[in-house]
Structure formats: structure tokens, C-alpha cells
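The following exercises are to be worked with the sequence and the three-dimensional structure in view. Each task is followed by a solution in steps.

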Amino acid sequence: MQAQPSGTGSHLSHLYCPKSGERYDADRIQQLSRIGAPLLAAYDLASLARSWRPADLAGREPTLWRYRELLPVRDPAHVVSLGEGFTPLLPLPRLGRELGIGGLWMKDEGIVPTGSFKARGAAVGVSRARELGVTRLAMPTNGNAGAAWALYAARAGIRATIVMPKDAPAITRQEIAICGADLYLVEGLISDAGRIVAQAVAEGGLYDASTLKEPYRIEGKKTMGLELAEQCGWRLPDVILYPTGGGVGLIGLHKAFKELRELGWIDPSRPLPRLVAVQASGCAPIVRAWEARATVSEFWPDSRTVAFGINVPKALGDFLVLEALYESEGCAVAVDDDDLLAAQRRAAECEGAFVCPEGAALFAAARELRRNGWIRGGERVVALNTGAGIKYPDTFRADPPLLQPGDRLPL
Ligand SMILES: *Cc1c(COP(=O)(O)O)cnc(C)c1O
């Protein structure tokens, strides 16, 4: 199939099922493949390699839309943007010294609209949904995805129905409710919310925006990898740590690097970054599967962690996450809640970075991987902080002394 010429320059060619290889028309609404696997977007990379150069990015807007050739939206009029993307890549010299990792950086997704990197998936997913004529969507969420999709859907004029666990971070309820989305809480986990949404979708009329049940959220998350490559001057780091729930970001990073390699923008003789899936020890299905060298994960019963965004007991795309770990010679690590909370505090104390608990887990994992030698001295390591600490006001308790007017400070 040839990519159709389009206003954005998108070279989207078709969708395919990564299990069967079967192709699907990208210009119609699609959900899962016939055998129930996520569909992935393919681009006409051969043609794009001839016409597109890194220098073409110079002067483009500092948002993820600077990579529009490698994104699915064809008509610029359908782009729904709140200015997402192009987040900073910050050196963390003091925290790095403490962890024994001289070359430690953080890509900080805490500053994107809606306060988490879910905005990337929502921006591209909602834009493409609008382009394909979607007027109503529904999704289960642990909070951040629902917040992002509700807000972007509002901007697109799409009606959103969101179902989430009642214990999900409270601020995300406000984000969803204030823009007029239909919000429901469920006494249970995201998997329970998922079953309720699936039922509604089966009964008709709703676009299913659940993780990996539509093909474009991952394309938005992929832009973290494109940006990281550009920010590193097209020389990728050795190791990237990623807090893994559904794993969409990790799959997206790996997809980005493979596409850049096919375009010839990164050196094909250098190994791709070793990807590290970091999970909480109270919900670590990917870690368990990786340790067994399995190709799929098992449902994790009674999962719990303060890092709510990675409380996903069974991910639809688990086989793609594991494939990315094996292909990149990465690994998977579980971290206790106490350790990730301690790491959250150290990141703030050493670097002024108030990261989300999911992001903090990366520093606890990096400490462990450096200690056991998996991360070697001198390697360049990037932690992908997926959200802002201020979205989780309850994970840290401040206990300041209370003064009366006229009191003196104990200096
Ligand atoms: C959703 C989420 C994650 C996990 O992302 P996946 O790509 O689904 O694995 C990590 N951190 C935060 C803050 C999240 O909201």
C-alpha cells in the first residue's frame, strides 16, 4: 500500500496485527485485530527516507507535532493540541553521584499539559479519532489517561465516558469532571473498569479508547523516543528506564528507535538503548514474566502500589513489552513502595525535581541495577519521569511547625 499524500506530510501507510501480520486499512476506524491483538501503525519509511532529513526539523514548533511525517494525522485541521511535547532532558549530577551513575539524565514529562505524559497519547489519539469521524469515546483508566483523554476530547468536541477505580488519584477526577466528561468510579481495579467499558462498547456506538485497543495512543507516546533521539544529537543513550503499567510508552520508545534506524537517522551499527521496565513489587507481572523468559505475562492478583499509574495486573500489550525488552537486551525490575517513596524525596532534595511516584521508582531501580553491575560505570542512563509529583499530594506528608503572629524563627 502506498501512503496517500496528505496535508501534514504523514506517511502513514497501513495498520498491521503484530501477531498474525495481517494488514488493516488505516483510514477506517479500527480497534483490535481479528485475533484480539493491538494493531500497530506502519509508515512508508522507504519513501520518507528519501524526502525527510533531521535538518528539516530546524525551526519547527517545539511540540510533538514537529514529527508529523511519522504521525498518523493527515489533515492539519484535525490536530488537537494543548502544546504537548518537547520536554526537557535534564542532567541529574547530584542524584547520579549518589547512585554511582555519572551520566544520569531525566526526561521530564511532568510539565506537559494535564501533568502526565498521557497527554502525548491523548493528543495523537484524539486527533486521529476526530479525523476518522469519532463523536463518542469511552475508556477505563487509573486516572492520568482518563484526565488527558477527557481534556483533549473536550477540545476536539468529542464526548468522553471515563470509568476509573475509586482509589485513583483524586486530582484526576477533577480534571475529568471539570471538562464535562461522563465520569464513573468503580469499587475495584482498572481491570474491573475495563470490563464495564468493554460491555458498553459491545452494546454499540462508542469508540473504545482503552490502552492499545485503538492504534494511535502509542504513536503519541512514540514521540518521547523521537524527541530523546533529537535531544541526544541522534546518538541514543545506553539505558532507558521506564515505569511500566500497560507498557505503551516502552513499546513506543522501541518503535521510535526502530523507525529512526530504518530512516537512517541513527547509526545502525550501534546497539539500541537497553530498555528497563520498572514495576512496583506489589504489581510486577512483566518482571515475573521477564525473569521466566516468558513471552506473555500472567494476571497479578490483588495488585497494590502507591504508584497508581503502574498498577496494571495484566497488560494487553504484554507480549510487545517483553519483545522490546528481549530485542533491546533490556531487563525488568520491581521496586518496593518504601524505596520508591524514599527515592522521590531524594530526587526533590538533590535535584529540585518533584517527580511522580512512578517516576521515582526509576531511581530506586537504577540504584539497584548499578549496585549489581547491570548498569556499568560510564554508561549514559535516561530515566523517563512520566508525570508531576504535584498530582499526588498524598504520597508525601509535610509536617511544618505552626507559628503564631509575632513568633520568632528558631535561627
Ligand atoms: C500510565 C502511567 C504510567 C504507565 O504507562 P504505560 O505506558 O501504560 O506503561 C507510568 N507513569 C504514569 C504517571 C502514568 O500515568
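Two strands count as paired if DSSP finds at least two bridges between them. The model to which this rule is applied here is a predicted one.

**Exercise 1.** Determine the order of the strands in the open sheet of three strands, and state which strands stand at the edges.

*Solution.*
Step 1. Begin with strand 1, residues 12-16, which pairs with strand 2 in the antiparallel sense over two bridges. In this pairing, Leu15 is opposite Tyr24 of strand 2.
Step 2. Turn to strand 3, which is joined to strand 1 by four bridges and also runs antiparallel to it. Here His14 is opposite Ala42 of strand 3.
Step 3. The resulting order is 2-1-3, with antiparallel pairing.
Step 4. Strand 2 (23-24) and strand 3 (40-43) each have a single partner strand, so they stand at the edges and one side of each has no neighbour in the sheet.

**Exercise 2.** Are the residues on the two faces of strand 3 buried or exposed?

*Solution.*
Step 1. In a regular strand, side chains alternate between the two faces of the sheet.
Step 2. On one side of strand 3 are Leu40 and Ala42, and on the other are Ala41 and Tyr43.
Step 3. A residue is called buried when its relative accessible area is under 20%. All four of these residues are buried, and both faces of strand 3 are therefore covered.

**Exercise 3.** Compare the expected span of helix 7 with the distance between its end C-alpha atoms, and decide how far the helix is enclosed.

*Solution.*
Step 1. Helix 7 comprises 15 residues, 217-231.
Step 2. The expected span is 1.5 Å times one less than the number of residues, which gives 21 Å for helix 7.
Step 3. The end C-alpha atoms of helix 7 are 22 Å apart, in agreement with the expected span.
Step 4. Of the 15 residues of helix 7, 14 are buried, so the rest of the structure largely encloses this helix.
Step 5. Just after helix 7, Gly233 has a positive phi of about 65 degrees.

**Exercise 4.** Identify the closest residues around the ligand, and state what share of its area the protein buries.

*Solution.*
Step 1. The ligand is surrounded by 18 residues, the closest being Lys118, Tyr242, Gly245, Gly247 and Thr386.
Step 2. Oxygen atoms of the ligand lie 2.7 Å from a polar backbone atom of Gly245, 2.6 Å from a backbone N or O atom of Gly247, and 2.9 Å from a polar backbone atom of Gly249.
Step 3. Taken alone, the ligand exposes 380 Å², of which the protein buries 96%.

Key
Residues numbered from 1 in each chain as written. Predicted model: local features only at pLDDT ≥ 70, side-chain atom pairs only at ≥ 80, totals over all residues. Heavy atoms only, no water. Buried < 20%, exposed > 50% of the residue type's maximum accessible area, 1.4 Å probe, protein only. Near = heavy atom within 4 Å. Polar contact = N/O pair within 3.5 Å; in protein donor to acceptor, adjacent residues only side chain to side chain. Areas by Shrake-Rupley, 256 points an atom, 1.4 Å probe, with all protein chains shown as cover.
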